[in-house]
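User: I am new to this structure and would like a careful walk through one part of it and what surrounds that part. Please begin with a single residue and build outward.

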Amino acid sequence: MAQPLMSVVIPMYNASAFIGKCVEHLIHQTYKNIEIIFVDDGSTDNCASIIKEYAKHDKRIKLIKQKNSGVSVASNTGILAATGDYVSIHDHDDFVNLEYFEKMANAAVLTGAD
């Protein structure tokens, strides 16, 4: 079976203090079949610029900008844009183990999760 595409949605608002570390933990996952969707919820800092720089070098990264509407709306915006078989929502200050999505994908395939 082909590896399922994992969509990772990260809503962010004025997240420049954490966003670099968050991106690093996602782009260096052992599982490579992921799309990384950042939703900028009207930030006034430079977090969108940071994401744009990473996106220049990694086609898995997508940036969506919207007016400030709150974390729930930003999460839903990302979910609607997701094209993966599975969706995971992370806060901009979440940092996961580098094998996180590999273990999640393997468990999903093994159990036939929907």
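Where does N14 lie?

Analyst: N14 lies in the loop between β1 and α1, where helices (H or I, at least four residues) and strands (E, at least two) are DSSP runs numbered from the N terminus. Before going further, please note that this is a predicted model, in which local features need pLDDT of at least 70 and side-chain atom pairs count only at pLDDT 80 or more, while totals for chains, interfaces and linings use all residues. Residues are numbered from 1 along each chain as its sequence is written, and side-chain values use heavy atoms, leaving out hydrogens and water.

Although N14 is not a glycine, it has a positive phi of about 45 degrees. Its relative accessibility is 31%, so N14 counts as partly exposed (buried means under 20% relative accessible area, exposed over 50%, and partly exposed in between, with a 1.4 Å probe and protein chains only).

From the loop that holds N14 one comes to α1, which covers residues 19-27, and this helix meets α2, residues 47-57. In general, two packed helices are described by the angle between their axes and the distance between the axes. The axes of α1 and α2 come within 10 Å and cross at roughly 30 degrees (axes are lines fitted to C-alpha atoms, for helices over the stretch in contact, with angles running from 0 to 180 degrees between N-to-C directions). The two helices α1 and α2 are therefore roughly parallel to each other, a term used for angles under 35 degrees, whereas those over 145 count as roughly antiparallel, 65 to 115 as roughly perpendicular and the rest as oblique. On the side of α1 the contact is made by I19, G20, V23, E24 and I27, and on the side of α2 by C47, I50, I51 and Y54, where contact means heavy atoms within 4.5 Å. These residues divide into 7 nonpolar, 1 polar and 1 charged (Ala, Val, Leu, Ile, Met, Phe, Trp, Tyr, Cys and Pro count as nonpolar, Asp, Glu, Lys and Arg as charged, and the others, Gly among them, as polar).

One of the contact residues, I27, lies in helix α1 and counts as buried because its relative accessibility is 14%. Not counting residues up to four places away in sequence, I27 touches K32, I36, Y54, D58, R60 and I61. By comparison, T111 stands 84 residues from I27 in sequence and 26 Å from it in space, C-alpha to C-alpha.

Turning to α2 itself, its residues C47, A48 and I51 are buried. They cover an arc of only 95 degrees around the axis, which means that they are on the same side of α2 (the arc is that of the directions from the helix axis to the C-beta atoms). The buried residues of α2 pack against β1 (6-12), α1, β2 (34-41) and β3 (61-66), whereas the face turned away from this buried side carries the exposed residues K56 and H57.

Helix α3, residues 71-81, can be read in a similar way, with A74, S75 and G78 as its buried residues. Their arc around the axis is only 100 degrees, which puts them on the same side of α3. What covers these residues includes β1, β2, β3 and β4, while S72 and L80 are exposed on the face of α3 turned away from its buried side.

Finally, D91 is found in the loop between β4 (86-89) and α4, and with a relative accessible area of 41% it is partly exposed. D91 is 80 residues from P11 in sequence but 6.4 Å from it in space, C-alpha to C-alpha, and, leaving aside its neighbours within four places in sequence, D91 is in contact with I10 and C22.
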